[in-house]
Structures are given as C-alpha cells and as structure tokens.
Amino acid sequence: MLRRALFAALLVFVVSSASLVLAHLAPTDDAFGTDPAILAAERHRLGFDRPLTEQYADWLTRSLRFDFGESLRFRRPVAALIRERASNTALLGASALILATVIGIPLGVFTGSRHRGPLAALARGTSIAVLSVPPLVTSLVLLVLAARTGWFPAGGLPMVPSGAGWLQTAAITARFLLLPSFALALPIAASLERLQSRSLSDALAEPCVRAAIARGVPERRVIWKHALRLALKPVLAIYGITIGSVLSGSFIVEIVMSWQGLGDLMYQALQARDLYLVAGCAAAGSCCLAFGILMSDLALAAVDPRVEELA
C-alpha cells in the first residue's frame, strides 16, 4: 500500500508538472477576446512573464500547501474552480462507470458462457461497433437524437427551482445526467463486455470449473459463483485504467454536451493558455486516475489473495 501510494503521488507530480511546462511552451492564443494590453498586464501581475524555472519553482512551493495559484481567465483561485467543477465530473464519471458496469459485465457473462445464438452474436457485434466509433461521434449522435425526439435535455446543467426538495432535485439532475452518462458509458461497457466474455470463456475451461460441471453442479451456479470469480481478475486489473478513460472521454462529452466539469474547464484553460489552471486540472485528473488504480489493486487483491504475496 505504501509503495502504491508513493507511485500515485509521483504520478500526480509528473502529470501536473508536464502540463504546466507544455502549456507554457504552447503558442499564445488570445481568441477568447481579452485585450492584449490587459492580458499582458495580467500576466505580469501573476508572474507569467518570468522565466519558466522561476514560475515552476514558485508553483511547486505553493502546491505543497495546496495553493495552485490564480486563474488568468477567471481571476479566481484555481483550487476553488477545481472544487466546483470536480463535483460535476465526479458525478458524471461515477454514473458512467456504474452504467457501464451494469451493462458490460452481465453482457460479457452472457456472451462468454457458451451462448452461440443470434442474441449473443448481436451483443458481440454491437460491442465491436461501439468500440470502433470515437466518443465524439457517439456524443453527437445522442445529442441529435435528444434534440429531435425531445425525450431528454440536449445538454447543459439542470436549473433546479428554488425551494425544491431533495427528491425533485435528484429527479431533475438524473434527467439531465442520463444522456452524457450514457455517451460516456457506451464505449466502456463495450470494452468490459469484450474483456469479460474472453475471460469467462477461459475460466470455463479451467479444470476446477470443468470438474464442478462434471459432478453435476448446475451450470448457472458454476458460472455465477465460481467461474465469474475467476473471470473478474482481468476486469478488475484494468479498472484503474478504465477510470482514466472515463476522464479522457469526459473531456469530449463535457464539451459537446455543455456539462460544466473538469474537462470543459481544462478546455477553456488550454484556449486561454492559463498555465496554473491547466496544471491544476491535470493534477486533479491524475489524482482521480491514481485513486482508481489504487482501488483496482485493492479489489484485485480481494478477489485473488495471491496478489498480496506477489505485490
């Protein structure tokens, strides 16, 4: 656990530092409409006109106190902006992960448990098709369907009326959340289905599982109680990477569907070449990725105790 925690801290440090340096080296983009003279004055006030080594040393010293500086675009502390947007991204990411797991794992069990009918073939083909489509295209298609049918809001955050109870607030939020969550969850669910299907097929070929079937144990019980436990190890091993794909996918989904999360904030920071905001968003994203990898290791150890001996 200590080794994993140190690796997580190193990951956050490297990603945020690299983001700060790359944003500094990127060409200036003043397309967001700020007057060049005002922009130059603000950069001087915030110290952006100093050498990169001085800026980095100052930023690193303040970051140890969780002070990530002030945003040039929003003229607010970066930490406050990240706290506001991180909750929206966390809600979107958690909903997408739950949705992808609920869809992908059962479908993987179905297609991997020796089913050869048309439904299994349709599920496999759909997963391959979804994996072949970029998240941008998926988001745009769902957005067009929502705009044409009117079944769901076509993007944005919900406007909760004042005085609304928690039940009404949850219902409104869920209605606005379903479309971006589904757009983000589809490729993850397809990936989980493919991996779970292959893993379950391998687990059913294990001698212990074949022996249980030969002794007359019902096949459904063998699949869901014994084979699934063996087949979950590869899935849990990539769950941390899956969280990273949620973060990278949410960058596109948030922009297309006007969901005001970290991805949208990062996009605005890159447009404005807002160095401290870019580094802060990258640090927040890498923290989520490091946490996901750590939880993946713990879940894998819970399923297979031998992992603790090999760690």
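Which residue does the side chain of Arg 194 meet in a salt bridge? The points below address this pair and the others found in the model, which is a predicted one.

1. The partner of Arg 194 is Glu 193: their side chains meet in a salt bridge, with an N to O distance of 2.9 Å. Glu 193 has a relative accessibility of 0% and counts as buried, whereas Arg 194 is partly exposed, at a relative accessible area of 25%. The cut-off for buried is under 20%, so a residue at 25% falls outside that class.

2. The search covered the whole structure and returned three salt bridges. Side chains of opposite charge can pair when their charged atoms come close.

3. Another of these pairs joins Asp 264 and Arg 85, whose closest N and O atoms are 3.3 Å apart. Asp 264 belongs to helix H11 (residues 262-272) and Arg 85 to helix H4 (residues 78-112), so this salt bridge ties together parts that are 179 residues apart in sequence. Both Asp 264 and Arg 85 are buried.

4. A salt bridge also links the side chains of Arg 76 and Glu 84, at 2.6 Å from N to O. Arg 76 has a relative accessible area of 31% and is partly exposed. Glu 84, at 40% relative accessibility, is likewise classed as partly exposed.

5. In terms of burial, the pairs may be set side by side as follows. Asp 264 and Arg 85 are buried; Arg 76 is partly exposed, as is Glu 84; and Glu 193 is buried, while Arg 194 is partly exposed.

Technical notes: Residues are numbered from 1 along each chain as its sequence is written. This is a predicted model: local features need pLDDT of at least 70, side-chain atom pairs count only at pLDDT 80 or more; totals for chains, interfaces and linings use all residues. Side-chain values use heavy atoms; hydrogens and water are left out. A salt bridge is a side-chain nitrogen of Lys or Arg within 4 Å of a carboxyl oxygen of Asp or Glu. Buried means under 20% relative accessible area, exposed over 50%, partly exposed in between (1.4 Å probe, protein chains only). Helices (H or I, at least four residues) and strands (E, at least two) are DSSP runs, numbered from the N terminus.
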